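Grab a coffee and work through these exercises with the structure open beside you. Each one gives a task, then a solution in steps.

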Amino acid sequence: MVSRFTRVLLLLSCAVCGALVYAAQLQQQTDAMAVGGVTREADLQAIGRQQEQLYRDALARLDSRLAAHPEDYEASLLKGLLLFKSGASGEAMGVLEQLTRRAPRFHLAHLVMGDLVLARTQSVTDIGHNALLAAGDEGQQSELARLRQEAEARLRAFLDSIPQGRLPRALLTLEPTTRRAIVVDKSSHRLYLFERAADGVPLLLKDYYVSTGKLPGNKSLKGDLRTPEGVYFITRHIPDEKLPDKYGIGAFPMNYPNELDRREGKTGYGIWLHGTDFSYYSRPPLDSEGCVVLPNLDLQALSATLQPGNTPIVVTERVEWLERAQWQALRQELTEALESWRRDWASGDVERYLEHYSGDFWAKGHNKVSWSQRKRRIAVGKRFQEVSLSNLALFHYPTTDSKGREIAVANFRQDYRSNNYNGVMRKRLYLAREEGGWRVLYEGRQ
Amino acid sequence: MRTWSKPVLLGGLLIASLAAAEPIDTVRAQLSDGDYSAALATLGALPAARQNSVAAMLLHAEALAGAGERAAAEARLRQLISDHPERPEGYNNLASLLVGQGRLEEARSLLEQALRSNEPYATVYDNLLRINEQIARRSYARALVLKQEKPLQLQALTYTEQGDTQVSGTGGQAEPVVTAAIEAEAAPRAPSTTPDVSLPLENLVYEPPAAAAAPPVAVAVEPALPPPPPAAPPETAASDGAAATVASPAESALSEEAEAALHQALTGWAAAWSAQDVERYLASYSDGYSPGNGVSHARWRKQRRARLTRPEWIRVALEDIELQPAGEGAVLVTCIQRYTASNYRDVSRKQLILRIHSGQWLIHSEQTLEMLS
């Protein structure tokens, strides 16, 4: 039984991850045709049945997506692909015909449509892989390859969908004023949109296909065509009329390079979340100069809920989805580390407070030594201090720092009262996990 | 003639089937009961001549396959095909046998052979393939840049009531069938439209069937080579299908005066843009100009006004300007455009089409061919 199931998975994964997007269709066709023919081996039939079940489930998921969002062009495309794979090419053709009418600039949809037509009389083993297109020049072949990658990215992301009830390690607590949070998975080319549920817990609303930098890997230098990985925030909104056409209907710049990036000597600027050139519906997976690019329709759907100066956008190579208990434990640990820092600060025991800071701590104009001197000096005049934190947001950094430490980011409002100074500020801390717990690596205004 | 041929034919069939009825029907019954060995025995008891009839061979192969003797079933069907290459059943049933073994490509080619076993069907099938390809090509052109669409040419079948013969004249209805014309709004990078081309007919001759032994579509066929396409091949049309009728202003070179005026128009356009002089910039375009993508002229004007005035400053420089007559007084311009503004910069290869209006060269279409940076 186990081995049979493994084979099903293998079949499915070779259809998805291998080069051939249509591959499973052949297998499926064989199964369908063999009905009433010569008897097949029993386990092959079982695989066929389980595969049919998988397709049925996948199609049902797509139908419910389409019921909720009739404009979900990706769902229509995937429905067409899955129908084709499961042997229902007539139905697939109907879906694609409608899709190409509604989204005339969805180049990938036109390509699949062409394949469906051709598959009636010819062998079409993969997207755009047929005699008619084989003669194309190099430019056309590379365009085909890119469209094929887009199809694979979309299909794989759909079939490898996240198990229910898991939470992203990157988003631990969202502050009450945050309406939405974004996590971008570069490996699957998905943008996950979360809303803030009770107690700051992120709740997955929807996910979208995105294009990222032309080259894989983490950005470190200006012009390296890579999309940076880290915890970022949307800084402003640039509307359509202020943008060249190639950015589509709008852009949301991100605060790359952030405090940690600058500390580590990363260069470059102008990393945006933006729309798609008006000539296209979508772009290939690896296409931008480092920006995260959404189809205009999708950007439009979420742009009203993005808040400049607030909305977090975590970019990561691969999202880590944690079981709730594991996620909760990490959140608890960081919340407590922060609370312990606050308590020791308020206590007035300056040496204990300074133990919370890492050896290579930095702040604007300070390192650990100068910071310690300043804090010791200030402590002399304090008779009482009250520190309270509110509007807390907590993020686990998607990469380690250059010293291999786990990093976390905390944003909060800090109310400070004392005998000689009162102040309210919005603060950001970077924390590093070191021996003995989390230590403050950076402290500054948001 | 037809009025009495039918009863005779039917009578003949009736006699034949009465004589054959028992053993073949027995085999059928045995097969439907799944009793393959009994069916094989019944078939084996037939006289040798009857064993090699089409019907018996088909049943024999079915019984062999049912009994698990796939190789023998396959051999039997292959023999049927070689004895009766004109019958589709052998190909078809062998294809179905092979599909059961996952031999899809072989099965496909057998089914193609089945269709080609009959000439008119072969022609119909070829035509179907071509239409399919053309429809696919149209989709591909929207997905990719497909070079030079070939107009579709279908072969025609004719049928005459008069007993013998004849090739009908070159069927010259200039009916466009499927050309790969692409709507500009659908695929901005797609090739230009292809002119319609008349459909050369391939004539097939119908001979009335001999009274008795007519298979349903027995047709004697005498294929003729298709006449050469009457119009000029569409590949030469540069940008505008309608221009094909005009003799040759397209080929003639531009006069020096025209070249100078064009250069002046282009530099004036870039200068107006750089000066952020919206009125002068917009006046470089023809009335009702639209960038495509369903954007109206008015909306385009508004967009351009916004885009020209937002940046603090703009510099537009044109390089490598190439002028090429495009027929009907139009000139195709390709150039490198260096756009630099306070907030953005890019370098692109552009294509413009200009036409002269009351002495002034105006932009009719503007397209970015590629982004160079």
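**Exercise 1. Work out whether helix α6(A) is enclosed, and check its length.**

Step 1: start with the cut-offs. A residue is buried if 20 or more other C-beta atoms lie within 10 Å of its own, exposed if 12 or fewer, and partly exposed in between, with C-beta atoms placed from the backbone. Helices (H or I, at least four residues) and strands (E, at least two) are DSSP runs, numbered from the N terminus.

Step 2: 13 of the 13 residues of α6(A) are buried, so the rest of the structure largely encloses this helix.

Step 3: now the length. The expected span of a helix is 1.5 Å times one less than its number of residues. For α6(A), residues 107-119, that should give 18 Å, and the end C-alpha atoms are indeed 18 Å apart.

A word on the source: this is a predicted model, where local features need pLDDT of at least 70 and side-chain atom pairs count only at pLDDT 80 or more, while totals for chains, interfaces and linings use all residues. Residues are numbered from 1 along each chain as its sequence is written, and chains are lettered from A and ligands numbered from 1 in the order in which they are written.

**Exercise 2. Describe how α4(B) and α5(B) pack.**

Step 1: two packed helices are described by the angle between their axes and the distance between the axes. Axes are lines fitted to C-alpha atoms, for helices over the stretch in contact, and angles run from 0 to 180 degrees between N-to-C directions.

Step 2: α4(B), residues 54-66, and α5(B), residues 70-83, meet at about 165°, and their axes are 7 Å apart. The two helices are therefore roughly antiparallel (angles over 145 degrees count as such, under 35 as roughly parallel, 65 to 115 as roughly perpendicular and the rest as oblique).

Step 3: the crossing of α4(B) and α5(B) is left-handed, meaning that the near helix is turned anticlockwise from the far one by less than a right angle.

Step 4: find the touching residues, using C-beta atoms, placed from the backbone, within 7 Å as the contact rule. Among them are Met57(B), Leu58(B) and Leu64(B) on α4(B), and Arg76(B), Leu77(B) and Leu80(B) on α5(B).

Step 5: sort them by class. The contact of α4(B) with α5(B) has 10 nonpolar, two polar and two charged residues. Here Ala, Val, Leu, Ile, Met, Phe, Trp, Tyr, Cys and Pro count as nonpolar, Asp, Glu, Lys and Arg as charged, and the others, Gly among them, as polar.

**Exercise 3. Which helix of chain B gives the most to the side that touches chain A?**

Step 1: count both sides. Chain A and chain B put in 28 residues each.

Step 2: on the chain B side, α6 (88-99) and α8 (119-143) each supply at least two residues. The top contributor is α8(B), with 11 residues.

Step 3: that side of chain B splits into 16 nonpolar, six polar and six charged residues.

Step 4: look at one residue of α8(B), Ile131(B). Ile131(B) has 16 other C-beta atoms within 10 Å, so it is partly exposed.

**Exercise 4. Where do the unusual backbone spots sit?**

Step 1: the peptide bond from Tyr256(A) to Pro257(A) is cis, with omega near -10°. Pro257(A) sits in the loop between β9 (250-253) and α9 (259-263) of chain A.

Step 2: Asp199(A) isn't a glycine, yet its phi is positive, about 65°. Asp199(A) is in the loop between β4 (190-196) and β5 (202-209) of chain A.

Step 3: Asp320(B) also has a positive phi, near 50°, but Asp320(B) lies in strand β1 (residues 314-327) of chain B.

Notes: Two residues are in contact if their C-beta atoms, placed from the backbone, lie within 7 Å.
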